[in-house]
Amino acid sequence: MGIYLNPGNIGFWKSVRSEIYVDKTGLIACTNKVINTEEQCVCVSRPRRFGKSMALKMLAAYYSLGCDSSDLFKGFEIESDATFREHLNQYNVLFLNIQQFLIRAKNDDVTGYLEQAVIKELKVVYGNLITDQDTILAEVLEKIYVKTEKQFIFLIDEWDCVMRERQESEMMQKQYLDFLRDLLKDQPYVALAYMTGILPVKKYGQHSALNMFWEYSMTDQFAYEEYTGFTENEVRGLCERYDMDFAQVSSWYDGYQFRQFRHIYNPRSVVAAMKSHVLSDYWTSTETYEALKIYIEMDFDGLRSDIVQMLGGERVKVNTLSFQNDMRNFEVKDDVLTLLIHLGYLGYDAEAKETFIPNKEIIGEFENAMSVSGWSNVMRVLKASDKLLEDTLRGEAESVARALDRAHTEVASILTYNDENSLGCAIGLAYYSARKDYRLIRELPAGRGFADVVFLPLPSVNKPALVVELKYNKTADTAIQQIKSRQYTQALEDYVGEIVIVGINYDKDIIVKPHSCVIERLMKQPG
């Protein structure tokens, strides 16, 4: 067993022995399927603390020569797969954590240090085939393959750390990418290359620098969706095991979604919450909010408006195709939004091509970042949202109207009312604090139409539901009548109890007090 060559199964053994281990061995069936095919180079990118390194340790345990991992996988999903025995412990594995090489390399010669370290270890096993003059790793592997006919599986962790931590050094990045291309592209000794990081493969112009890789990222995970984070069923099972409120856990950590799996949870945060029985920002606490602050302050036209809309519960359209897959070259606001998707600060719907703030944990991170930067007007709206909710629940319509006037004044430089949709975004922002106790639903299918904004209390919260209807240049009474006539309250099928219905109108021709509000209370009976 070596550090780089055939590291064995101790890493996965530790994972399995942990108090919480969620079976993700089905991933191995996906990698088995592409061994020695045109799809054998796989790049899976996802945010930090989303289980990337754990997956690599699992693959190392499964493929590494020199150990018997059959008992370690007993009872897990992969054991019942038809390919399980065929590939189990059958390959030379090279496990390369690029972050370690970057830290240890002198004069930033990352590839030189990597080649020296790996060749030194290869000599221990294949010393009769390697001479002191052999300094190029690809050439050494070619020699080994020719003599032994034994292929290698490459597991590469933190593949993109050079792009993230040496952003200013284009020469170093290109040298590193050339090294990977020479090492992995069209080489007969490669059976599989599986690399992970936060960013997809770096682009130069319109072309990928490593075009032999099939990419699976937060903008589309394709076959790897189920292994990106925890699924809804997996989290339900953990909530039952640890006696945690599933709805509360969902509001904190759900929100990442893909084509098939529409509810993907942050695994690190879920595990921490289960073990501590406390819902908190475990994922965001591992990195300063300064990183987010830098990006949301970038001066791209429309970026601030998009962020405010997402804070208000909206989704915004985003074009992810122009992003160069690095953290330095930004041409338009969509490039910044796409980076935030890859970093995990935003969720993404690949079918609708829309992005959004996924959950309570992340929305708190945006609030932290804005509190120390040039977002004072928005912060005043957020801080006033507690009182706005209280006034709404008390039925104080005049106070609510005045508060909405003030909120509109604060965000007028970012958001301009021009229809009920933009009004809805501002209302969502004004009721920001309600998300502590409520689930916000925009455009809820209801009765004979769609309720504009619904605040549904979480199961453990003893507060009434809110149904808000918005009008533009009409009247608040008209909004109330629409809620009743179209039976919007009937859409809350599983909810029984008091409902506060709120009609809000914005009249653009009234300068002093453009908002008007009517509040009534209803009781929804069972059945």
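These questions and answers walk through a predicted model.

Me: In what order do the strands of the five-strand open sheet stand?
Reply: Strands of a sheet pair through backbone hydrogen bonds, either parallel or antiparallel. Here the pairing is parallel, and the sheet is open. The twist averages 15° from one strand to the next. The order is S2-S3-S4-S1-S7.

Me: Which are the edge strands of that sheet?
Reply: An edge strand pairs on one side only. The order S2-S3-S4-S1-S7 has two ends. The edge strands are S2, residues 92-97, and S7, residues 214-216.

Me: Over how many bridges do S3 and S4 pair?
Reply: S3 covers residues 152-157 and S4 covers residues 190-197. Ile153 has Leu192 of S4 as its bridge partner. The two strands pair in the parallel sense, and the number of bridges is five.

Me: What angle does the direction of helix H3 make with that of S3?
Reply: Helix H3 spans residues 52-63 and packs on the sheet. The helix touches S2, S3 and S4. Its direction makes an angle with that of S3 of about 165°.

Me: Which strands stand at the edges of the three-strand antiparallel sheet?
Reply: This open sheet has the order S10-S12-S11. Each edge strand has a single partner strand, so one side of each is left without a neighbour in the sheet. The edge strands are S10 and S11 (347-349).

Me: Which residue in S12 stands opposite Lys317?
Reply: S10 and S12 pair in the antiparallel sense. Two bridges hold that pairing in the record of the model. Opposite Lys317, in S12, is Glu354.

Me: How many salt bridges does the structure hold?
Reply: Side chains of opposite charge can pair when their charged atoms come close. One such salt bridge joins Asp132 and Lys123, at 3.0 Å from N to O. The structure's count is 26.

Me: Is Asp132 buried or exposed?
Reply: Its salt-bridge partner is Lys123. Lys123 is partly exposed, because its relative accessible area is 29%. Asp132 has 63% relative accessibility, and the cut-off for exposed is over 50%. Asp132 is therefore exposed.

Me: How many residues apart are Glu498 and Arg521?
Reply: Glu498 and Arg521 form a salt bridge, with the closest N and O atoms 2.6 Å apart. The pair links distant parts of the chain. Glu498 lies in strand S16 (residues 497-506) and Arg521 in strand S17 (residues 515-524). The separation is 23 residues.

Me: Which residues are joined into one network by salt bridges that share partners?
Reply: One salt bridge pairs Arg394 with Glu396, at 3.2 Å from N to O. Arg394 is partly exposed at 49%, and Glu396 is partly exposed at 33%. The network joins Lys387, Asp391, Arg394 and Glu396.

Me: Which strand gives the most to the lining of the largest pocket?
Reply: The largest pocket holds about 1,300 Å³ of space. Its lining has 41 residues, and those nearest its centre are Asp254, Pro358, Arg439, Leu440 and Ile441. Elements giving two or more residues include helix H10 (232-242), helix H16 (360-371) and strand S14 (449-457). With six residues, the one that gives the most is S13.

Me: What value is phi of Asn6 near?
Reply: Most residues other than glycine have a negative phi, and most peptide bonds are trans. Asn6 has a positive value. Asn6 sits in the segment before helix H1 (10-17) and counts as buried at 10% relative accessibility. Its phi is near 50°.

Me: Where is Glu158 placed?
Reply: Glu158 is a residue other than glycine with a positive phi, near 55°. Its place is in the loop between S3 and helix H8 (161-165).

Me: Which residues does Arg259 touch, not counting those up to four places away in sequence?
Reply: Arg259 lies in the loop between H11 and strand S9 (264-265). Arg259 is partly exposed, at 40% relative accessibility. Its C-alpha atom is separated by 7.7 Å from that of Phe222, 37 residues apart along the chain. The residues touched are Asp220, Glu225, Ala350 and Glu351.

Conventions
Residues are numbered from 1 along each chain as its sequence is written. This is a predicted model: local features need pLDDT of at least 70, side-chain atom pairs count only at pLDDT 80 or more; totals for chains, interfaces and linings use all residues. Side-chain values use heavy atoms; hydrogens and water are left out. Two strands pair if DSSP finds at least two bridges between them. Helices (H or I, at least four residues) and strands (E, at least two) are DSSP runs, numbered from the N terminus. Axes are lines fitted to C-alpha atoms, for helices over the stretch in contact, and angles run from 0 to 180 degrees between N-to-C directions. Contact means heavy atoms within 4.5 Å. A salt bridge is a side-chain nitrogen of Lys or Arg within 4 Å of a carboxyl oxygen of Asp or Glu. Buried means under 20% relative accessible area, exposed over 50%, partly exposed in between (1.4 Å probe, protein chains only). On a 1 Å grid over the protein atoms alone, a cavity is a set of points where a 1.4 Å probe fits but cannot get out, and a pocket is an open set with protein on both sides within 12 Å along at least five of seven lines; lining residues have an atom within 4 Å of a point. Grid points are joined across faces, edges and corners, and a volume is the space filled by probe spheres set on the points.
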